[in-house]
Amino acid sequence: MNAMGRWWRKVKLLFGRETFAVDLDEEMAFHREQMAKELEGEGMTPEQARVAAMRQFGNTTRMRERSHEVVGFRAETVAQDMRFAVRQLRKNPGFAVTAILMLALGIGTSTAIFGFVDAAMLEPLPYTQPNRVVDVAASTPVFPRGNLSRADFEDWQRMNKTLSSLDAYTGAGYLLRIGSVSQPVPAGRVSDGFFGTLGVRMELGRDFRPGEDKPGGPKIAILSYGTWLKRFGGRRDGIGQTVSLSGDPYAIVGVLPQNFSFAPRANAELWVPLGDKGECENRRSCHNLFAVGRLRDGVTVEMAQADMKRVAAQLAIQYPGSNQDQGAELQLLSELIIGHARPILLMLLAGAGLLLVIACANVASLLLVRSESRRREVAVRGALGATPVRLVRQFMTEGLLLAVAGCGAGVLTAGGMIALLKALMPQLMAQGPPFLRDVGIHVHTLLFAGAVALVASGLLALTPVLRLALKDIHTALSEGGRTAAGRFWRRLGANLVVVELTVAVVLLAGAGLLGKSLYRLLHVQMGFDTTHVATLQVMSPDKVYPKPEDWARLYPVIKSRLMSLPGVQAVAFTSDLPVQCNCDTDWIRIEGRPFHGEHNEVLQRDVSPEYLPTVLKARLIEGRMFTDMDDMKHPQVTVINETMAKKYFPGEDPLGRRIGNGKLDPKSMREVVGVIADIREGAPDDDPWPAEYFSIYHGPDDNFAVAVRTAGDEEALLPEMVKAVRVIDANLGVYGEVTMAQQIDNSATAMIHRFMTMLLGAFAVMALVLSVVGLCGVVAYSVSQRTREIGVRMALGAQRSAVHRLILKEAGLLAGIGIALGLGCAVGAGTMMKSMLFGVRAWDLSTLAGVAAVLGGFALLASFIPARRAARVNPVEALRAE
Amino acid sequence: MANKPELMPGTLDMLILQTLKRAPLHGYGIAQSIRRVSDEVLTVEEGSLYPALQRLLLQGWVKAEWKMTETNRRARFYTLTAAGKKQLGIELTKFEQMVAAIGRVLRAAEEAG
């Protein structure tokens with residue numbers, strides 16, 4: 001008979017299980033009756049015959065089981081084991097709940113973090129074949145990834161041979177007129193094939209057509225899905241409508257799909273074609289675009305990069321004035337968007353993994369303790385005929401059951417944690433990478449949880465087996481499972497605890513380093529008084545305020561309005577607020593110095609006279625600050641920062657020196673009139689850059705920031721300020737109101753830092769609790785095993801304090817080894833996360849010492865409880881009990 | 001019962017099949033038949049008989065049905081199937097080969113001795 005038929009018959013039997021048992025019983029009863037009859041025929045009484053037949057027939061139950069085994073599936077005995085395991089766990093709910101909770105914690109945390117890593121690394125971008133889309137940028141010796149000029153972009157697009165398409169994008173802002181209020185909306189300006197290059201299809205309407213991005217092209221716009229919903233109620237007839245952007249009518253031609261996102265311009269509400277060239281885009285030396293390209297089939301990023309470098313080199317020969325030293329820098333777009341998040345995610349994943357290790361170690365040692373206390377049960381079952389394989393299987397089933405329950409609970413935990421993390425995730429971070437939207441429990445995360453559970457269950461199933469295999473069941477029985485007291489296990493358990501403590505130290509140290517780094521970050525020298533400063537951004541529409549003179553007229557009006565608000569001490573204007581970024585730069589040349597076309601890059605800030613001395617309270621080192629006289633009618637002057645003075649005027653007095661652009665155009669020349677102490681313009685963890693300040697009255701901006709110093713609560717002032725500026729002219733876009741303190745607190749670096757510290761800190765606390773509980777368990781177990789020994793010692797005259805010391809010494813040794821190992825590993829881990837630390841080194845002594853002290857303290861506390869119990873042992877009882 | 005020879009391993013299935021070749025029998029009948037025919041030399045342990053019957057059923061070599069005995073008791077009768085007959089042939093051949101082989105070894109040992 002073939003295997004198939006046999007299997008089928010088994011399946012049938014499985015469902016006819018009841019009939020099978022009844023049949024077998026009846027058959028055997030018949031057999032016994034016949035035997036009894038036969039014996040009766042030989043002269044026995046009916047009663048004697050019945051008994052004799054029963055005796056001869058043997059153990060009916062055993063026989064039934066054997067028949068069952070023949071026809072049954074192996075799985076059925078597994079089910080039996082399972083029932084038994086469930087019974088065992090229910091008998092001991094404390095153990096089961098603890099173990100499942102620990103596993104749920106470990107598996108849940110690592111699965112949740114994996115969910116983010118998975119989303120970030122595997123499906124980062126919602127485009128067609130995202131791994132063929134590259135970021136294309138110009139590189140200079142100082143700037144590895146710089147903007148392209150429009151002329152360069154057009155040449156690159158035409159001359160390259162490795163990209164099937166190359167398209168440019170840049171940010172833009174428009175004033176969207178809605179009713180009587182003008183709202184500034186962030187937007188993107190792109191070349192015609194931009195969405196095609198990304199491989200994005202419109203949800204509604206159409207994409208830009210070839211040629212629509214030329215100067216003088218149509219005024220049309222594509223909306224983001226969110227904008228379409230928010231501003232057009234998601235109506236299909238939104239297509240074809242006209243919106244007023246900074247006074248110009250634009251026709252809406254398309255709507256992007258809901259899942260579209262483009263992190264470099266994450267907040268763009270609408271997209272328009274590049275269109276007319278502004279002043280900047282007519283110059284080859286003015287760089288304002290970035291580009292994305294799609295690789296041709298069979299082309300690698302390196303090949304495309306080499307090709308672009310060739311193009312750049314050709315252009316450098318053709319246009320030496322603007323393109324000297326300019327190369328090309330290509331990378332996968334996904335690398336640009338999520339590259340910086342990768343180390344963070346990996347670190348968090350490592351942290352979660354370590355937590356999982358601790359949880360597993362803890363559960364394993366719990367299982368060990370249990371298998372130890374069940375040695376007698378095992379011995380009895382062995383003596384009654386259970387084969388070792390069967391016993392081992394029983395224990396493995398229990399381990400598996402725990403792991404499966406833990407995994408189930410873990411997936412639930414993971415779901416909760418992902419939701420929690422998403423809520424906690426800093427706004428900036430959540431806005432940036434598009435993948436975060438898709439994080440959740442799905443195939444990948446479930447597979448991961450499954451794999452983790454598999455490994456965990458393997459570990460959990462194997463520990464007691466290891467333990468059993470190494471112990472002879474019969475010795476266990478004869479010894480009454482006592483004296484040998486599992487020296488092996490105690491060592492294994494102790495080893496597990498050492499591992500736990502080591503891991504806990506690493507996590508604590510990591511969290512400690514990050515915490516310290518965060519503190520440093522928030523307390524970095526800003527170079528100005530960050531308190532009582534309120535800021536907002538103003539944008540003036542070109543239609544109403546077309547010329548620089550018109551913008552300049554706005555300043556005194558806004559100033560007098562704001563000065564009349566209660567508590568306001570000073571009002572100032574600037575092109576860029578501090579603690580933003582080391583951007584908005586200019587290339588300079590110093591008069592009377594040899595010059596070979598180097599890119600001397602410095603920050604450029606336009607400020608009003610009150611800005612530096614009164615609002616920011618910057619420190620003047622020498623010379624003077626700006627006055628109201630530094631306007632368009634007077635020669636241009638500049639105030640530089642200390643870093644610039646040191647870098648470009650080492651060992652000389654910068655006052656009176658003249659700076660200009662690369663060609664030293666007479667119009668660009670300005671005289672240094674003052675030097676101030678550095679104000680941190682960039683992110684808190686960026687090094688200060690050389691900076692040049694100009695009078696905003698000399699070169700007004702149509703988009704500027706207002707900074708106000710007040711005597712009172714700056715936060716309460718913000719809405720008043722917004723109202724006051726809006727009253728001046730409803731056409732003005734007013735946005736981005738924030739206090740200086742808020743801005744520093746919420747800088748991207750600080751937020752990400754805080755988020756990481758919080759998470760790793762949470763991991764560390766959990767690790768601390770778990771490992772200390774583990775230590776406590778191991779020491780307590782050891783005490784329970786040594787009760788008799790302690791009894792003997794006390795009977796022989798040992799003092800309670802000596803017993804106390806004995807136990808504390810044991811715990812202290814374990815803790816000591818764990819902490820020492822942990823500190824070593826922590827330095828290694830710290831070195832690996834060096835790039836994420838600010839102002840703290842991996843071997844930061846105070847952090848490491850603090851961690852050692854905290855863990856040591858807790859370990860002492862944990863071993864104190866069992867030590868006390870040991871010291872309270874009554875020698876008489878201890879000796880008699882066994 | 002102490003000195004009765006053990007059934008040679010692997011032969012029980014063959015014996016059952018052979019017994020059933022003559023007529024369908026119930027479990028007790030099979031045990032009795034083997035004992036009687038072997039002149040009380042071979043005893044089938046009940047502990048092995050029923051698992052063996054289940055095994056044969058599973059292989060499809062025998063089939064079982066409930067019938068009445070001569071004494072009007074319900075009993076489960078086992079019948080040899082066609083597949084069972086074929087299997088019996090195979091097992092008999094194997095067994096004879098083995099017996100012959102053992103015989104040769106024993107004779108060789110005698111001659112040598």
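How many residues of chain B are in contact with residues of chain A? I began with this question, keeping in mind that the model is predicted, and I found 16 residues of chain B in contact with 19 residues of chain A.

I then looked up which elements of chain B supply that side, and noted that α2 (27–37), α3 (46–59) and β3 (74–80) of chain B each give two or more residues to the side that touches chain A. The largest share comes from α3(B), which contributes eight residues. Sorting the residues on this side of chain B by character, I recorded six nonpolar, six polar and four charged.

Next I turned to backbone angles in chain A, since most residues other than glycine have a negative phi. I noted Val579(A), a residue other than glycine, with a positive phi near 55°, and I placed Val579(A) in the loop between β13 (568–574) and β14 (585–590) of chain A. I also asked whether Val579(A) is buried or exposed. I entered Val579(A) as buried, because 22 other C-beta atoms lie within 10 Å and the cut-off for a buried residue is 20 or more.

My last entry concerns Leu664(A), which is not a glycine either and has a positive phi of about 50°. I located Leu664(A) in the loop between β18 (658–660) and β19 (670–676) of chain A. For its surroundings I wrote down 15 C-beta neighbours inside 10 Å, so Leu664(A) counts as partly exposed, the count falling between the limits of 12 or fewer for exposed and 20 or more for buried.

Key: Residues numbered from 1 in each chain as written. Chains lettered and ligands numbered in written order. Predicted model: local features only at pLDDT ≥ 70, side-chain atom pairs only at ≥ 80, totals over all residues. Helix = DSSP H or I, 4+ residues; strand = E, 2+ residues; numbered from the N terminus. Contact = placed C-beta atoms within 7 Å. Nonpolar A, V, L, I, M, F, W, Y, C, P; charged D, E, K, R; others polar.
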